[in-house]
Amino acid sequence: MKSEQFIIIGLVVAVLIGVVAVFVASGDPDGLESTALVVQDQKALFGETPEDAEIHEEEEGRFSYESPFPDYSMGEEGGKMGELAVIVLGTIIALILALAIGKVAMAKKS
């Protein structure tokens, strides 16, 4: 199998997984968010996340950032189509970055 075919097949599989994930993913916080809530004593280790739980990231000396697409969406108005667009866009950007890093690494190796 040629490397181009392998990359295209991998991209198609990644996009399909992303598309399916939009419809089957849980609305509850993921493991990282859930752990942050436990560490901040806003959630018990087991059980439901309280409705008013909020992760506090604004602490002195800590890095913070604004995500271009928070929670993998384009906001309330984007709906599921916005989530699909963000997943596909993110997958393509990740592929481009991986290919660029691979080319740079191969160029330095030569």
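**Exercise 1. Work out how the span of helix 1 compares with the expected one.**

Step 1. Helix 1 covers residues 3-24, which is 22 residues. A helix here is a DSSP run of H or I with at least four residues, numbered from the N terminus.

Step 2. The expected span is 1.5 Å times one less than the number of residues, and for helix 1 this gives 32 Å.

Step 3. From its first C-alpha to its last, helix 1 reaches 31 Å, close to that expected value.

Before you go on, two notes on the model. It is predicted, so local features need pLDDT of at least 70 and side-chain atom pairs count only at pLDDT 80 or more, while totals for chains, interfaces and linings use all residues. Residues are numbered from 1 along each chain as its sequence is written, and side-chain values use heavy atoms, with hydrogens and water left out.

**Exercise 2. Find the buried side of helix 1 and what packs against it.**

Step 1. Look for buried residues, meaning under 20% relative accessible area (exposed is over 50%, partly exposed is in between; 1.4 Å probe, protein chains only). In helix 1 they are Val15, Gly18 and Val22.

Step 2. These residues lie on the same side of helix 1, because they cover an arc of only 60° around the axis. The arc is taken from the directions from the helix axis to the C-beta atoms.

Step 3. Now turn to the face away from the buried side: there you meet the exposed residues Phe6, Leu16, Ile17, Phe23 and Val24.

Step 4. The buried residues of helix 1 pack against helix 3 (79-109).

**Exercise 3. Is Thr91 buried or exposed, and which residues does it touch?**

Step 1. Locate Thr91 in helix 3.

Step 2. Thr91 counts as buried because its relative accessibility is 18%.

Step 3. Search for contacts (heavy atoms within 4.5 Å). Leaving aside neighbours within four places in sequence, Thr91 is in contact with Leu11, Ala14 and Val15.

**Exercise 4. Place Ile9 in its helix and in its surface patch.**

Step 1. Ile9 lies in helix 1.

Step 2. With 45% relative accessibility, Ile9 counts as partly exposed.

Step 3. Ile9 joins Met1, Phe6, Val13 and Ile17 in a nonpolar surface patch of about 580 Å² of accessible area together.

**Exercise 5. Describe the whole protein.**

Step 1. Count the elements: three helices and zero strands, in the pattern α-α-α along the sequence.

Step 2. Of the 110 residues, 10% are buried.

Methods:
Helix = DSSP H or I, 4+ residues; strand = E, 2+ residues; numbered from the N terminus. Patch = residues over 30% accessible without salt bridge, like charges linked within 9 Å, V, L, I, M, F, W, Y side chains within 5 Å. Areas by Shrake-Rupley, 256 points an atom, 1.4 Å probe, with all protein chains shown as cover. Salt bridge = Lys/Arg side-chain N within 4 Å of Asp/Glu carboxyl O.
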